[in-house]
Amino acid sequence: MLRREKKRGKLQTFFGDTDMALWTLCLLASVYGCVLVYSAAVGAGTGKSGYLVQFIASAVGLCIAFLMSRIDYHDLCDLWYVWAGIAVFLVLLTFTPLGLNVSGTDDTAWLGFPIRNPRITFQPSELLKIAFILSFATHLDKVKDTINRPLTLLTLCLHGGLACGLIFLQGDDGTALVFAFIFAAMLFAAGLHLGYFAAAFGAVAVAVPLLWPHLDEQKQARFLALVKVDEYAQTEGWQQAHGLSAIGSGRLRGLGLLHGENTDLFARNNDFIFTVAGEELGFLGGAALLLLLLCIILRVLHNARTAADFKGTLICSGMAALLAAQSLINLGMVLRVLPVVGITLPFFSAGGSSVATLYLGMGLVMSVYCQSRMRSGGLFSKKR
């Protein structure tokens with residue numbers, strides 16, 4: 001009897017300290033995502049491997065997040081160089097014979113391990129996102145009092161430029177853009193003067209027309225397909241045209257789960273997973289997906305606002321930026337507002353690396369929440 005009461009007390013302590021609202025939202029998103037990936041895999045006839053990886057990665061990711069939530073994020077930040085070193089090393093391995101170009105992509109951003117057939121793959125840039133958020137939050141926390149000094153900003157730009165540059169060299173322009181978004185959002189959260197952002201925006205505006213002639217024809221065509229729809233309808237614009245057609249065919253309630261007709265759409269279970277929701281579950285299914293993502297992002301921002309210290313605020317801000325950037329780029333790509341760059345939709349797109357490491361980051365957010373609750377409850381006598 002006494003043991004049962006102790007166990008019940010431990011469970012009450014855990015669930016009292018953790019962010020149940022965020023857990024619930026993430027679990028709902030993962031279940032919804034697994035259902036969509038399952039439907040896409042069955043429709044395409046890719047077999048069990050098409051959706052089992054997603055189920056396993058989501059389950060493992062949830063376990064990792066639970067464990068991470070019980071670790072003090074300050075201890076993790078103190079070892080930022082370990083996590084950053086591991087992540088950078090794995091990214092550098094993609095430039096060796098271990099680097100893999102996944103079918104249908106134009107970048108070498110995966111590591112292929114011939115453990116089974118087909119081989120197991122891992123995308124190190126996903127882990128680098130989390131390591132970057134940890135290391136950059138630590139860096140910003142140390143220089144927060146001098147952040148608007150040019151020399152300080154230069155060191156911060158070098159920090160962000162290293163991560164963006166490595167991913168750009170892989171050829172993964174979409175992920176490099178996500179890193180740039182996280183970098184800018186964390187600088188904004190740290191209090192960088194808006195004049196610097198205005199100067200950066202002006203520099204980008206000047207650079208675009210200068211860089212345009214140096215883009216290869218395929219990348220130019222992806223941009224031109226947004227404005228010259230008919231001309232590129234059968235080439236670079238084919239994917240987006242068929243994706244929009246699939247979403248439109250769903251109307252209000254959709255054609256029904258497992259009844260999607262555009263099963264030949266490339267990356268339907270991955271980058272274009274939103275088309276599955278729109279086609280099979282209609283406007284209501286697509287709206288539910290968007291609402292879940294919005295609620296998760298807002299909840300992470302709430303944790304940023306209520307964090308016990310500046311470092312916790314920066315970590316949560318970085319994760320919110322990651323979720324927002326990937327969601328906006330992915331949806332913009334599917335809805336023909338942005339060119340196709342190959343970015344997953346958080347929690348929903350198929351991809352073991354993406355899902356597992358995303359939950360690693362959500363575990364950090366949970367850690368910030370737990371530590372903030374314990375601090376506010378007087379369990380810590382001094383702040384770090």
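## Residue L364

L364 is buried, with a relative accessible area of 1%; the cut-off for that term is under 20%. The structure is a predicted model. L364 belongs to helix 14, which spans residues 352-376.

Leaving aside residues up to four places away in sequence, L364 is in contact with M68, L76, I130, L134 and I315. A further relation in space links L364 to S69: the two are 295 residues apart in sequence, yet their C-alpha atoms are 6.2 Å apart.

## Packing of helix 6 and helix 13

Two packed helices are described by the angle between their axes and the distance between the axes. For helix 6 (residues 124-142) and helix 13, the axes come within 9 Å and cross at roughly 145°. The crossing of helix 6 past helix 13 is right-handed.

On the side of helix 6, the contact is formed by E126, K129, I130, I133, L134, A137, L140 and D141. Helix 13 contributes F310, K311, L314, I315, G318, M319, L322 and Q326. By residue class, this contact comprises 10 nonpolar, 2 polar and 4 charged residues. I130 and L134 of helix 6 and I315 of helix 13 take part in this contact, and I130, L134 and I315 also touch L364.

## The largest nonpolar core

The largest nonpolar core holds 90 residues, of which V300, F347, F348 and M362 touch the most other members. Helix 13 (residues 310-334) supplies the largest share of this core, with 14 residues.

The surroundings of F347 can be listed in full. With residues up to four places away in sequence not counted, F347 touches C26, A29, S30, G33, Q54, L293, I296, L323, L358, Y359 and M362. One of these partners, M362, is itself among the four core residues that touch the most other members.

## The antiparallel sheet

Strands of a sheet pair through backbone hydrogen bonds, either parallel or antiparallel. In this model, an open sheet of 3 strands is arranged in the order 1-2-3 with antiparallel pairing. Strand 1 and strand 3 are at the edges and have a single partner strand each, so one side of each lacks a neighbour in the sheet.

Strand 1 (residues 99-100) pairs with strand 2 (residues 110-113) over 2 bridges in the antiparallel sense. Here G99 is opposite L111, while L100 is opposite W110. Strand 2 also pairs with strand 3 (residues 120-122), in the antiparallel sense and over 3 bridges. Within that second pairing, G112 stands opposite T121 of strand 3.

Terms used: Residues are numbered from 1 along each chain as its sequence is written. This is a predicted model: local features need pLDDT of at least 70, side-chain atom pairs count only at pLDDT 80 or more; totals for chains, interfaces and linings use all residues. Side-chain values use heavy atoms; hydrogens and water are left out. A nonpolar core is a set of buried Ala, Val, Leu, Ile, Met, Phe, Trp, Tyr and Cys residues joined through side-chain atoms within 4.5 Å. Buried means under 20% relative accessible area, exposed over 50%, partly exposed in between (1.4 Å probe, protein chains only). Helices (H or I, at least four residues) and strands (E, at least two) are DSSP runs, numbered from the N terminus. Contact means heavy atoms within 4.5 Å. Two strands pair if DSSP finds at least two bridges between them. Axes are lines fitted to C-alpha atoms, for helices over the stretch in contact, and angles run from 0 to 180 degrees between N-to-C directions. A crossing is left-handed if the near helix is turned anticlockwise from the far one by less than a right angle, and right-handed if clockwise. Ala, Val, Leu, Ile, Met, Phe, Trp, Tyr, Cys and Pro count as nonpolar, Asp, Glu, Lys and Arg as charged, and the others, Gly among them, as polar.
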